[in-house]
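Open the structure in your viewer and switch to a cartoon view. Keep a selection box ready, and follow the stops below in order.

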Amino acid sequence: MKFFITGLHSSGKQEVINILENMNVKCGKLFTNLDNLEENVYNKDNYQLYSNDDINTVFENEAYVFIHEFPSVPMRPNDGYFYEGLSKYTLDQNDVFILSPDQLLSVVQNSIKDDICFIWLDNTKENRETRYYHEKRSYNYHIREEIEKHDLNTY
């Protein structure tokens, strides 16, 4: 069985993953071709770097659970596009994953053959804001809120 921990930003997903990793649970990371995970990238510890060629290979072989344009990184001239995703290889090698609502909505139907347990971490907006400021997070709270607000009704 695979476990997908999801929920709005600042709801405690990373804290749960940290606890599980300390218990030696196999927790998978998403991939990205964003080679400089800046301080202002949401959930930057949840990524591993793939080259553009690697991402093209994963895409062409349909070896992904989801792949889409990195939503919180503005396009920079001459840098190309940035992507994030979850490869089927990483899915096969691990048991637990963090997916934000926009990532979960991008999962390709029938790309996962295992049983999945979805765990939704919920929190009020006020508590999420408090967590954000208390933990001194560096991503832009309001940008992430807009990204998730856009997908929440569909989710």
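Start with strand S4, residues 64-69, and add S5: the two pair in the antiparallel sense over five bridges. Bear in mind that this is a predicted model. Now pick out His-68, which stands opposite Glu-84 in S5.

Stay on S5 and select residues 83-87. Four of these five residues are buried, so the strand is largely enclosed by the rest of the structure. Next, bring in strand S2, residues 30-32. Two bridges join S2 to S5, and the two run antiparallel. Which residue of S5 is the bridge partner of Thr-32? Select Glu-84 to see the partner. Glu-84 is thus the residue to keep in view here: Thr-32 is its bridge partner, and His-68 stands opposite it.

**The other sheet**

Select S6, S1 and S7. They form an open sheet of three strands in the order S6-S1-S7, with parallel pairing. Strand S6 (96-99) and strand S7 (116-121) stand at the edges with a single partner strand each, so one side of each has no neighbour in the sheet. On average, neighbouring strands here are turned by 25 degrees against each other, direction ignored.

Zoom in on S1, residues 2-7. S1 pairs with S6 in the parallel sense over four bridges. For one of the paired positions, select Ile-5 and its bridge partner in S6, Ile-98.

**Nonpolar cores**

Show side chains. Nonpolar side chains tend to be buried together in soluble globular proteins. The largest nonpolar core here has 14 residues. Select Phe-4, Leu-30, Leu-86, Leu-91 and Leu-99, which touch the most other members. S4 and S6 each supply at least two residues of this core.

A second, separate core has seven residues. Among them are Ile-5, Leu-20, Val-96 and Leu-121.

Go back to Leu-30 and list its contacts beyond the neighbours within four places in sequence. They are Asn-46, Tyr-47, Gln-48, Phe-66, Gly-85, Leu-86, Ile-98, Leu-99 and Gln-103.

From Leu-30, jump to Thr-90. The two are 60 residues apart in sequence and 8.0 Å apart in space, C-alpha to C-alpha. Thr-90 sits in helix H3, residues 88-93. Is Thr-90 buried or exposed? At 8% relative accessibility, Thr-90 counts as buried. With its neighbours within four places in sequence left aside, Thr-90 is in contact with Gly-28, Lys-29, Gln-48, Tyr-50 and Phe-97.

**Two helices**

Select helix H1, residues 13-22. Its buried residues are Lys-13, Gln-14, Ile-17 and Leu-20. They cover an arc of only 120 degrees around the axis, which puts them on the same side of H1. What covers these buried residues? S1, S6 and S7 are among the elements that do. Leu-20 also appears in the second core. Just past H1, check the backbone at Asn-24: its phi is positive, near 65 degrees.

Finish at helix H5, residues 125-134. The buried residues are Arg-128, Arg-131 and Tyr-132. Their arc around the axis is only 100 degrees, which puts them on the same side of H5. Now rotate to the face turned away from that buried side. Glu-126, Thr-130, Tyr-133 and His-134 are the exposed residues there. After H5 comes Lys-136, again with a positive phi, near 55 degrees.

How values were computed:
Residues numbered from 1 in each chain as written. Predicted model: local features only at pLDDT ≥ 70, side-chain atom pairs only at ≥ 80, totals over all residues. Heavy atoms only, no water. Pairing = 2+ DSSP bridges. Axes fitted to C-alpha atoms, helices over the stretch in contact; angles between N-to-C directions. Buried < 20%, exposed > 50% of the residue type's maximum accessible area, 1.4 Å probe, protein only. Core = buried A, V, L, I, M, F, W, Y, C linked by side-chain atoms within 4.5 Å. Contact = heavy atoms within 4.5 Å. Arc of directions from axis to C-beta.
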